[in-house]
Amino acid sequence: MPSNVPAIEVDGLTVRFPVRGGVLGKVKDYFTAVDGVSFALQQGEILSVVGESGCGKSTLAKSLVGLVPRASGVFKLFGKTVNGGMAGPSRVCDLVQMVFQDPFSSLNPRQTVTEILTAPLVARGVPFADAEKRALELLERVSMPAGSLQKFPHEFSGGQRQRLCIARSLMVSPKVLLCDEVTSALDVSVQAQILHLLDGLRNDLGLSILFISHDMQVVRALSDKVLVMYFGKVVETGNADEVLTCPQHDYTKKLLASVPVVKRFA
Ligand SMILES: Nc1ncnc2c1ncn2[C@@H]1O[C@H](COP(=O)(O)OP(=O)(O)OP(=O)(O)O)[C@@H](O)[C@H]1O
Ligand SMILES: [Mg+2]
């Protein structure tokens, strides 16, 4: 795969949700959650998507892994156009994995870590022993003890669970991670550990990361580029330093100005 081909290239991506009404719940209209979004995520790059709640960040990411249907637009993965969502010989989910905000609801409480981590490989026909070996390697990569394998999700802290979610997403050796508010549910010191882990994965494995966050401090610490969304549209995109220190669009200025400054109570 030539390194100058973007990991993800999106042109005019639009996602619409039906608005239902009346006694029979018929579709009355459509709500456009993502409206003609275009961007490129280069290989080995961390691109942050920012914007206020409800502007379409999660929907954008979900549409890339087929969790919500795309109404229109072109989506290219390493130069190849993706038409049929998750189907096809080189499936999108083999190359792109998504990690969600809430690490507890993302993990099946009835399964041990072994079952959780090995499932994606076993489902792809990999022998269990090989899948378990890889699970052990990845536990070490995300700084979790090997003894975690026999435990259940409730036996871990929030930060440890998020590490498990990241380990599970890496089991299929993806090239792209879509991280949707992965540090939002964590306290500041654990946030820093997860950010360090993601940066390490980018450097060591060459992963490309689409990082969704509303936390400007986190975005500043991690990103190469920033894409600002407002009501489903991209209003500004560019190098993180430039966008965060010298925003061009009024909305980006307001978004940065809205970062709360915490003062001591008198
Ligand atoms: N499955 C769905 N059906 C109908 N509307 C939806 C659906 N999912 C999202 N929406 C709507 O699409 C819009 C964008 O939602 P989305 O979850 O992408 O926002 P977001 O930017 O991720 O917000 P947050 O920062 O709060 O996570 C919202 O108005 C939401 O109500
Ligand atoms: Mg969201």
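The exercises below work through a predicted model, from its sheets to the shell of its ligand.

Local features need pLDDT of at least 70 and side-chain atom pairs count only at pLDDT 80 or more, while totals for chains, interfaces and linings use all residues. Residues are numbered from 1 along each chain as its sequence is written, and chains are lettered from A and ligands numbered from 1 in the order in which they are written.

**Exercise 1. The mixed sheet**

Task: Find the strand order and the edge strands of the open sheet formed by 6 strands.

Solution:
- Step 1. Strands (E, at least two residues) and helices (H or I, at least four) are DSSP runs, numbered from the N terminus. Two strands pair if DSSP finds at least two bridges between them.
- Step 2. The order is 6-7-8-3-9-10, with mixed pairing.
- Step 3. Strand 6 (96–99) and strand 10 (233–239) are the edges, each pairing on one side only. On average, neighbouring strands of this sheet are turned by 15° against each other, direction ignored; axes are lines fitted to C-alpha atoms, for helices over the stretch in contact, and angles run from 0 to 180 degrees between N-to-C directions.
- Step 4. Strand 6 runs parallel to strand 7 (residues 176–180), joined to it by 4 bridges. Across this pair, V96 stands opposite V176 and Q97 opposite L177.
- Step 5. Strand 7 also pairs with strand 8 (residues 208–212), in the parallel sense over 5 bridges; D180 has I212 in strand 8 as its bridge partner.
- Step 6. Strand 9 (residues 225–230) and strand 10 are antiparallel over 6 bridges, with K225 opposite N239. Their hairpin has 2 residues between the strands, and F231 takes a positive phi near 45° there.

**Exercise 2. Burial in the sheet and the core**

Task: Decide which residues of strand 7 and strand 6 are buried, and which residues have the most contacts inside the largest nonpolar core.

Solution:
- Step 1. A residue is buried if 20 or more other C-beta atoms lie within 10 Å of its own, exposed if 12 or fewer, and partly exposed in between, with C-beta atoms placed from the backbone.
- Step 2. In strand 7, 5 of its 5 residues are buried: V176, L178 and D180 on one side, L177 and C179 on the other.
- Step 3. In strand 6, V96 and M98 point one way and Q97 and V99 the other way, and all are buried.
- Step 4. A nonpolar core is a set of buried Ala, Val, Leu, Ile, Met, Phe, Trp, Tyr and Cys residues joined through C-beta atoms within 7 Å. The largest has 66 residues, and L178, C179, L210 and V228 have the most contacts inside it.
- Step 5. Two residues are in contact if their C-beta atoms, placed from the backbone, lie within 7 Å. Leaving aside neighbours within four places in sequence, L178 is in contact with A61, L64, V65, V96, M98 and L210.

**Exercise 3. The antiparallel sheet and A71**

Task: Describe the sheet of 4 strands and place A71 beside it.

Solution:
- Step 1. This open sheet has the order 2-1-4-5 and antiparallel pairing. Its edge strands are strand 2 (26–41) and strand 5 (80–81).
- Step 2. Strand 1 (residues 8–21) joins strand 4 over 5 bridges, and T14 has S72 as its bridge partner in strand 4.
- Step 3. Helix 1 lies across strand 1, strand 2 and strand 4, at about 80° to strand 2.
- Step 4. A71 sits in the loop between helix 1 and strand 4 (72–77). Beyond four places in sequence, A71 is in contact with T14, V15 and R16.
- Step 5. A71 is partly exposed because 16 other C-beta atoms lie within 10 Å.

**Exercise 4. R163**

Task: Is R163 in helix 5 buried or exposed?

Solution:
- Step 1. R163 is found in helix 5 (residues 158–170).
- Step 2. R163 has 24 C-beta neighbours inside 10 Å and therefore counts as buried.
- Step 3. Not counting residues up to four places away in sequence, R163 touches V142, S143, M144 and L197.
- Step 4. The C-alpha atoms of R163 and I194 are separated by 7.4 Å, with their positions 31 residues apart along the chain.

**Exercise 5. The shell of ligand 1**

Task: Which residues surround ligand 1, and how do they divide by type?

Solution:
- Step 1. A residue is near a molecule if its C-beta atom, placed from the backbone, lies within 6 Å of it.
- Step 2. The shell consists of F17, A33, G51, S53, G54, C55, G56, K57, S58, T59 and H214.
- Step 3. Ala, Val, Leu, Ile, Met, Phe, Trp, Tyr, Cys and Pro count as nonpolar, Asp, Glu, Lys and Arg as charged, and the others, Gly among them, as polar. The division is 3 nonpolar, 7 polar and 1 charged.
- Step 4. Helix 1 (residues 57–64) gives the most to this shell, with 3 residues.
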